[in-house]
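Okay, everyone, let's get going. I'd like to walk you through a few local features of this one, so have a look at the screen.

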Amino acid sequence: MSAHPPPRLRRALALGTAAAFGLGGLFAAPAFAETAPEEAPTSGAAYEAQAKELLAEDAIQAVGRDKDGNVVVIKTSDASAEFDAFEAKYANVVVKEVAAPFESAASTDVVGGAGYYTEGDEGGFVCSIGFSAWSPEGDPAVVSAGHCTDDGANSLTALTLPSGDDAGGGNDETVALTEPLGTFGFSQYGGPGNTAGAENTTSVDISVIDVTNPALDLHPEVTDWTTAAADDLFASTTEISSVGKAAVGKPVSKSGRTTGLTSDATVDLVDGWAEVSGRIVYGFGVEGLVSDQGDSGGAIFQGEKAVGILSGGAPAEGGLPAITWGADLQAGLALTDGYTIMLAVDAPVLTSPADGAEIERGATISGTGPASTTIVVDPNEGETFEITTNASGAWSFPAPSTLGKYGFTLQSKKGFNLSEEAYYTVQVVPAPLKAPGISSPKDGSTVETEVTSIRGTGLPLAQITVTGDVEGTAVVGDNGVWSVPANLSYGEYSISVTQSSEGETSPVATSDFTVAPVAPSISTPADGDWFAAGDAPESTSGVGLAGATVTVAVNGKVVGTDEIPAEPTQEMRLAAAALPGDNWEVALANAIVTGDNVISVTQTVDGVTSAAATATVELRAAAGEGPVAGPGEGAGNGGGLAVTGGPDLLPIGIAAWLLIAGGIAAAVVVRKRRLVTED
C-alpha cells in the first residue's frame with residue numbers, strides 16, 4: 001500500500017497572491033544598506049525592514065526564511081541590477097524564480113478537502129487539508145497528513161487555486177498558489193519521531209498547520225468541489241459537528257484536491273494498521289473509495305462526524321477494487337498536545353415564551369441548544385452571563401423583574417467553537433406577587449439555643465416586611481434571597497412575612513416555631529452499660545443548663561425530676577451517685593427492669609423543653625449468667641457507680657468539681673453557639 005503524497009511538481013509554479021506568503025518568521029534589516037554584513041539578517045526588526053524593502057521591487061514576489069536560516073527570495077526573471085547586487089553581497093541568500101507574478105484569488109475561506117502546496121529543500125508537492133482546527137491556545141489551524149511534511153523538512157505552505165487543482169479541472173503540471181497558509185506546528189508519520197511504527201495507537205499519520213495569515217477565514221466544513229470552477233470551495237460544503245471513531249459498515253465520504261469528493265463506499269475494517277510507504281499507520285480501511293496522490297491529508301467523514309485523515313491507498317487495477325486507508329483522527333489528535341477540530345455548533349433556540357411574546361416577571365425563559373453546552377446570554381441591559389444545557393439540550397433562566405421589553409442575544413459555546421448569534425425579545429409584564437418563602441426558621445420547626453435571623457426567598461428587589469415576634473424589613477437581593485436580624489432565646493414564636501413591589505403587596509407567609517435549649521447530657525449510667533440482676537443502678541446523673549428542670553423517664557414513664565440551681569450546692573458536691581462535674585441526679589427506684597431499658601432525659605428552661613438525650617442499659621436476668629463488671633469495667637461504669645471518695649478526698653473533689661463544671665458549662669455554651677451558626 002502506498003502513500004498519497006505529494007506528487008512532486010515538475011514545472012514552474014504560477015504563484016498567486018500579492019502578499020508575502022509565510023516562509024517562516026519573515027522580514028529584516030534594510031536590504032540596501034551602504035555597509036552590508038556578510039550574512040543578511042534572518043530575524044527581528046532588521047529582517048522585517050529588509051523584507052519590506054525587497055518587496056518594494058515589482059519582481060520580488062515573496063521573502064522568507066527556510067529551516068537552515070537562509071533568507072529565501074522568490075522573484076520573476078526581470079529583477080533589477082540592484083537586486084542582483086544584493087544577492088551577491090550575502091552568503092545566506094537563496095533565490096527562487098517563478099514564471100509569473102503572484103495573482104490574488106477570489107476566496108480566502110478555508111475548508112476541509114482544499115488543496116495546499118508545501119515545500120522544503122528537496123522540492124515542493126501538493127496535499128489536501130483535512131479539517132479546520134484550533135491550537136491549544138484557541139488560534140486557527142488545520143490538520144493534514146504527517147507524511148506531507150517530509151518528516152518535518154518542509155516549512156512553506158500555501159493554498160492552491162481550486163480551479164487549478166485536479167478536482168477543479170486542472171493538473172499537477174502547473175499549480176497556482178493563492179494565499180500563504182502557515183507553518184507546521186506538529187507532525188508524525190508512523191511511530192514517535194517518525195519511526196517505522198508498530199501495531200499500536202501511537203503509530204499515526206497527522207500534521208497540524210498553525211494558520212498565520214490573518215486574511216484567511218476558517219470554517220468547520222468540508223467542500224464537495226462542485227464550486228471549484230468559481231474558485232470558491234466554501235460555496236458548497238458539509239458541516240462537521242463532531243469527532244469520533246469510524247463506524248464499520250456505515251457510509252463514508254472523503255474530500256481531497258485530486259479526486260474531489262467521493263461518497264460511494266462504506267467502512268470495511270476499523271481498529272487496524274496498514275503499512276503506508278514503509279510506515280505503520282493505525283486507522284481503518286475503505287474498499288471502493290477512490291483516492292489518488294495529492295489527496296493525502298484530506299478529510300474522511302461520516303455524516304457530520306470527522307473520523308480520519310487520508311493516509312494512503314491502492315488504485316483499482318486488474319479487476320481489483322481501490323482501497324483507501326484512513327489514519328484514525330482521534331489517535332492522531334491525542335499526540336498533538338491539545339489541538340482540536342473546529343466544529344459547527346447550533347445556535348440556541350427560544351421555545352418559551354415565543355419570540356416577542358409576554359412573560360410574567362420572574363417566570364422562566366427556556367429553550368434548547370446543543371447538549372451539555374454553555375449558552376452565553378447577553379441582554380441589552382445588564383451583564384452578560386452564562387448558563388448550561390442539560391444532557392437533553394434544555395436551558396432556562398428567569399425573566400427579569402423590570403417591566404417592559406427585554407432583548408437578549410444567545411450564543412452556544414463549546415470549547416473554542418461558537419455558534420451564530422440568535423437575538424430574541426420578550427415583553428415582561430406584571431404578575432400577581434406570591435407570598436415570600438421562609439426558609440429559616442421553617443414553620444413547625446424547633447431551633448436549638450437561639451435565632452439570630454429570619455431568612456427566606458422572594459422576588460428580586462422586592463420589599464420584605466416581617467411582623468409578629470420579629471419585626472423588620474429587607475430588600476430581596478438579585479439572587480432572590482432576603483434576611484432580617486432577630487434575637488430570640490427560648491420560647492415559642494410566630495412571624496408573618498409579606499413582599500411588595502411596584503405598589504403591590506403579596507399574600508402573607510407565616511412560620512410558627514420554637515427555640516429550645518439543647519438536650520442535657522447523661523453521665524451515668526452510660527449508653528450500652530449492662531448490670532447483673534440485683535445490681536441495677538439506683539440513680540442517673542449528668543450535666544444540664546443552670547436553672548433548668550431535668551425530667552427523667554425510663555421506658556417512656558417519668559420517674560423523677562431535678563432542679564439545677566444557678567450555683568452548685570454542698571449537697572450536690574457530696575452526692576454519692578454524681579460524678580464530678582454532674583449537676584443533676586434523679587433516683588431510678590425500681591424503674592430498671594430485666595432486659596433493655598431506655599433512659600430518656602429532657603431539660604426545661606423558661607417553660608421550653610429540649611429534645612431528649614437517651615441511654616440504653618441492660619439488666620441481665622440472673623446473677624451468674626454472665627460476667628458481672630467490676631468498677632471501671634464494662635461498656636460504661638460496669639455493674640456499679642463510680643466511687644466519689646471519702647472525707648479525706650473532699651477538698652480535692654470539690655475543687656475538681658468546680659473546675660470540671662466550669663469547663664463543661666463553657667463547652668455547652670460553645671456548642672450552642674456553633675449550632676446556631678450552622679443553622
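**Rings and one sheet**

So, ring pairs tie Phe385, Trp395, Phe397, Tyr406, Phe408 and Tyr424 together into a cluster. Before I go on, keep in mind that this is a predicted model.

How many aromatic pairs are there? The count comes to ten. Let me pick out two of those. For phenylalanine 83 and phenylalanine 86, the ring centres are 5.9 Å apart and the planes sit at 35°, so we call that pair tilted; stacked would need planes under 30 degrees apart, and edge-to-face over 60. Both of these residues belong to helix H2, residues 81–89, and they're three residues apart, about one turn of the helix. Phenylalanine 83 and phenylalanine 86 are both buried, too.

Back to the cluster for the other pair. Tyrosine 406 and phenylalanine 408 have ring centres 5.4 Å apart with planes at 35°, so that pair is tilted as well. Buried or exposed? Tyrosine 406 and phenylalanine 408 are both buried.

There's also a charge over a ring: arginine 620 lies over the face of tryptophan 530, 3.8 Å from the ring centre.

Okay, on to the sheet. We've got an open sheet of five strands, in the order E13-E14-E10-E9-E25, and the pairing is antiparallel. Which strands are at the edges? Those are E13, residues 182–190, and E25, residues 340–341, each pairing on one side only. E25 pairs with strand E9, residues 131–134, over two bridges in the antiparallel sense. If you zoom in there, you'll find alanine 133 opposite isoleucine 341 of E25.

That's what I had, thanks.

How values were computed
Residues numbered from 1 in each chain as written. Predicted model: local features only at pLDDT ≥ 70, side-chain atom pairs only at ≥ 80, totals over all residues. Heavy atoms only, no water. Pairing = 2+ DSSP bridges. Helix = DSSP H or I, 4+ residues; strand = E, 2+ residues; numbered from the N terminus. Phe/Tyr/Trp six-rings, centres within 6.5 Å; stacked < 30°, edge-to-face > 60°. Buried < 20%, exposed > 50% of the residue type's maximum accessible area, 1.4 Å probe, protein only. Lys NZ or Arg CZ within 6 Å of the ring centre and 35° of its normal.
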